[in-house]
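Below are some comments for a colleague at the bench, arranged as numbered points. Please read them alongside the sequence and the coordinates shown here.

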Amino acid sequence: SDVCSSDLDRTAARLAGCVIAISALATYANSLSCPMISDDGLAIVRNVTIRSLWPPWRPLLPPCDRSAVDRRPVANVSLALNYAVSKLDVRSYHVVNVLFHAGAGLLLFGILRRSLALPALQPRFGRAATPLALCVAVLWTVHPLHTSAVTYIVQRTEVLAGLFSFATLLCFIRGATSARPTPWYATAVCACA
């Protein structure tokens, strides 16, 4: 019986993950061809540190020019990977932003689902943890307040901040509830860094 409920819960979580990802893609699909605007020129078009992935430290040292990637090596590396794939074709940049945002929605789902199943909340919300977490995560993912962060290319920095914050929280929760917490805590520290 426990194995069946566990398998059912995993299946429900996978289906919920698909719903979140599809919601993000459907919400932002019409933005994939939006042109570069404002700071995109400074952070992408004129950013020489994203022109090559070699030497590997070059994209890790973004320009100190008060652009959106100033002192943000992870964002700069992600832009360098986009540039390597498609040069200045905006579609790949937008696709990556949407994927990062969908990933943040999935992590939020995990945080909520696991939090609602913790001993303090389990009696009240445990049976509804997956559907409640799904509703909140979908609403968060498609909320109009995220539009500029997802559709404005260099606001990827904001999307990445959310993604890594959620990853930190989820890994901490997993560590707190795991028989082997050390790998989860180490991953939380890396995501936070």
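**Notes on the helix packing and the loop**

1. Helix 3, which covers residues 73-86, packs against helix 4 at an angle of about 140 degrees, and the two axes lie 9 Å apart. That angle makes helix 3 oblique to helix 4, since only angles over 145 degrees count as roughly antiparallel. The crossing of helix 3 with helix 4 is right-handed. On the helix 3 side the residues that meet helix 4 are S78, L79, N82, Y83 and S86, and their partners in helix 4 are S92, Y93, V96 and F100. Please keep in mind, here and below, that this is a predicted model.

2. For orientation, the protein as a whole has nine helices and zero strands, so that, read from the N terminus on, its elements run α-α-α-α-α-α-α-α-α. The C-alpha trace spans about 60 × 35 × 25 Å along its principal axes. Of the 193 residues in the protein, 39% are buried. If one takes the contacts between residues at least 6 apart in sequence, 66% of them join residues that are at least 24 apart.

3. Helix 4, residues 90-116, also packs against helix 6, in this case at an angle of about 150 degrees and with the axes 8 Å apart. Helix 4 and helix 6 are therefore roughly antiparallel to each other, because the cut-off for that description is an angle over 145 degrees. Their crossing is right-handed. The helix 4 residues in this contact are H101, A104, G105, L108, F109, L112, R113 and L116, and they meet A129, T130, L132, A133, L134, V136, A137, W140 and T141 of helix 6.

4. Which residues of helix 6 are buried? They are A129, T130, A133, A137, V138 and T141. These residues cover an arc of only 145 degrees around the axis, which puts them on the same side of helix 6. Among the buried residues of helix 6 are A133 and A137, and both of these also appear in the contact with helix 4.

5. The length of helix 6 can be checked with simple arithmetic. Its 14 residues, 129-142, should span 20 Å at 1.5 Å a residue, and because the C-alpha atoms at its ends are 20 Å apart, the expectation and the model agree.

6. Towards the C terminus, helix 8 packs against helix 9 (residues 182-192) at an angle of about 165 degrees, with 8 Å between the axes. Helix 8 and helix 9 are therefore roughly antiparallel to each other. The crossing of helix 8 and helix 9 is left-handed. From helix 8 the contact takes in F164, A167, T168, C171, F172, R174, G175 and A176, and from helix 9 it takes in W184, Y185, T187, A188, A191 and C192.

7. One residue of that contact, T168, can be followed individually. It sits in helix 8, which covers residues 156-176, and T168 counts as buried because its relative accessibility is 17%, where the cut-off for buried is under 20%. Leaving aside residues up to four places away in sequence, T168 touches A188, A191 and C192. T168 and C34, by contrast, are 134 residues apart in sequence, and their C-alpha atoms are 31 Å apart in space.

8. The loop between helix 2 (40-45) and helix 3 deserves a separate look at its backbone. P55 has its place in this loop, and the peptide bond that joins W54 and P55 is cis, with omega at about -5 degrees.

9. Where are R66 and R71 found, and are they buried or exposed? R66 is in the loop between helix 2 and helix 3, and R71 has its place in that loop as well. R66 has a positive phi of about 65 degrees although it is not a glycine, and R71, likewise a residue other than glycine, has a positive phi near 65 degrees. R66 counts as exposed because its relative accessibility is 79%, and R71 is exposed with a relative accessible area of 70%, the cut-off for exposed being over 50%.

Definitions and conventions:
Residues are numbered from 1 along each chain as its sequence is written. This is a predicted model: local features need pLDDT of at least 70, side-chain atom pairs count only at pLDDT 80 or more; totals for chains, interfaces and linings use all residues. Side-chain values use heavy atoms; hydrogens and water are left out. Helices (H or I, at least four residues) and strands (E, at least two) are DSSP runs, numbered from the N terminus. The expected span of a helix is 1.5 Å times one less than its number of residues. Buried means under 20% relative accessible area, exposed over 50%, partly exposed in between (1.4 Å probe, protein chains only). The arc is that of the directions from the helix axis to the C-beta atoms. Axes are lines fitted to C-alpha atoms, for helices over the stretch in contact, and angles run from 0 to 180 degrees between N-to-C directions. Angles under 35 degrees count as roughly parallel, over 145 as roughly antiparallel, 65 to 115 as roughly perpendicular and the rest as oblique. A crossing is left-handed if the near helix is turned anticlockwise from the far one by less than a right angle, and right-handed if clockwise. Contact means heavy atoms within 4.5 Å.
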